[in-house]
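User: Please take a close look at one part of this structure and explain how it fits together with the rest. I am a first-year student, so please explain each term when it first appears.
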Amino acid sequence: LVMIVVPIVVVIAGAAGFFLRGGDTAEAAVPTTIPVVEGDVIEVDTMTVNLVGEEGRYARVGFAVVLDETAESGAVGVKVPLMRDATLTVMTGFGATELQTAEGMERLRQELSDAIVAIFPDGEVIRAVLTELIVQ
């Protein structure tokens, strides 16, 4: 009985998955994303941030945003306070020693980009770039 029921259940589950996904897997494999083309680079801000857990240590970080080629640069100006807040939040996860390594800088760049891109849900900003990083 088990040898009859198990194959039937597998076939039914496979058919259900096929229909719920919308049909042919070859159609689903075709990419539908449009490549993003970088536009203007807008210098946003330079900030001095106390490093958490490091008595008397601070970092000066400058960043810019890379816009999509169709984005208006005016969209960035109204959200500078939100980007400063995101930068402060991201910087709390770093110590002075980590920021002085290439891996630490890359992690900062990635986390800063993720946080700032999330502020622009319509895709105006592609990524953030570091323009200055001084650790004292």
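Analyst: Helices and strands are DSSP runs numbered from the N terminus, with at least four residues of H or I for a helix and at least two of E for a strand. The part chosen here is helix 6 together with the loop that follows, which lies between helix 6 and strand 3 and holds Phe 120. This is a predicted model, in which local features need pLDDT of at least 70 and side-chain atom pairs count only at pLDDT 80 or more, while totals for chains, interfaces and linings use all residues. Residues are numbered from 1 along each chain as its sequence is written, and side-chain values use heavy atoms, with hydrogens and water left out.

The setting comes first. The protein chain contains 6 helices and 3 strands, and from the N terminus on its elements follow the order α-α-β-β-α-α-α-α-β. Of its 136 residues, 29% are buried; buried means under 20% relative accessible area, exposed over 50%, and partly exposed in between, with a 1.4 Å probe and protein chains only.

Helix 6 (102-119) has 18 residues, and from its first C-alpha to its last it reaches 26 Å, close to the 26 Å expected at 1.5 Å a residue. That expected span is 1.5 Å times one less than the number of residues. The buried residues in helix 6 are Gly 104, Leu 108, Leu 112, Ser 113, Ile 116 and Ile 119. They line one face of the helix, because they fall within an arc of 165 degrees when seen down the axis of helix 6. The arc is that of the directions from the helix axis to the C-beta atoms. A general rule helps in reading such a pattern: an α-helix has 3.6 residues a turn, so residues three or four places apart point the same way. On the other side of helix 6, Ala 102, Glu 103 and Ala 118 are exposed. Val 117, also in helix 6, is partly exposed, at 28% relative accessibility.

What covers the buried residues of helix 6? The cover includes strand 2, helix 4, helix 5 and strand 3. Strand 2 and strand 3 belong to an open sheet of 3 strands in the order 1-2-3, with antiparallel pairing. Strand 1 and strand 3 (125-135) stand at the edges with a single partner strand each, so one side of each has no neighbour in the sheet. From one strand to the next, the twist averages 20 degrees. Two strands count as paired if DSSP finds at least two bridges between them; strand 1 and strand 2, which run antiparallel, are joined by 10 bridges. Helix 4 packs on this sheet, touching strand 1 and strand 2, and its direction makes about 55 degrees with that of strand 1. Helix 6 packs on the sheet as well, touching strand 2 and strand 3, with its direction at about 140 degrees to that of strand 3. For these angles, axes are lines fitted to C-alpha atoms, for helices over the stretch in contact, and angles run from 0 to 180 degrees between N-to-C directions.

Single residues show how helix 6 meets its surroundings. Contact means heavy atoms within 4.5 Å. Setting aside residues up to four places away in sequence, Ile 116 touches Phe 63, Val 65, Met 83, Val 125 and Ala 128. With the neighbours within four places left aside, Val 117 is in contact with Val 125, Ile 126 and Arg 127. From the side of helix 4, where Thr 87 is found, Thr 87 contacts Leu 112, among others, beyond its neighbours within four places in sequence.

Just after the helix, Phe 120 counts as buried, at 2% relative accessibility. Its contacts, not counting residues up to four places away in sequence, are Ala 75, Val 76, Lys 79, Met 83 and Val 125. Phe 120 and Ala 75 are 45 residues apart in sequence, yet 8.9 Å apart in space from C-alpha to C-alpha.

Finally, helix 6 shares in a core. A nonpolar core is a set of buried Ala, Val, Leu, Ile, Met, Phe, Trp, Tyr and Cys residues joined through side-chain atoms within 4.5 Å. The largest one has 27 residues, and Leu 108 and Ile 116 are among those with the most contacts inside it. Helix 6 is one of the elements that give two or more residues to this core, while strand 2 gives the most, with 5 residues.
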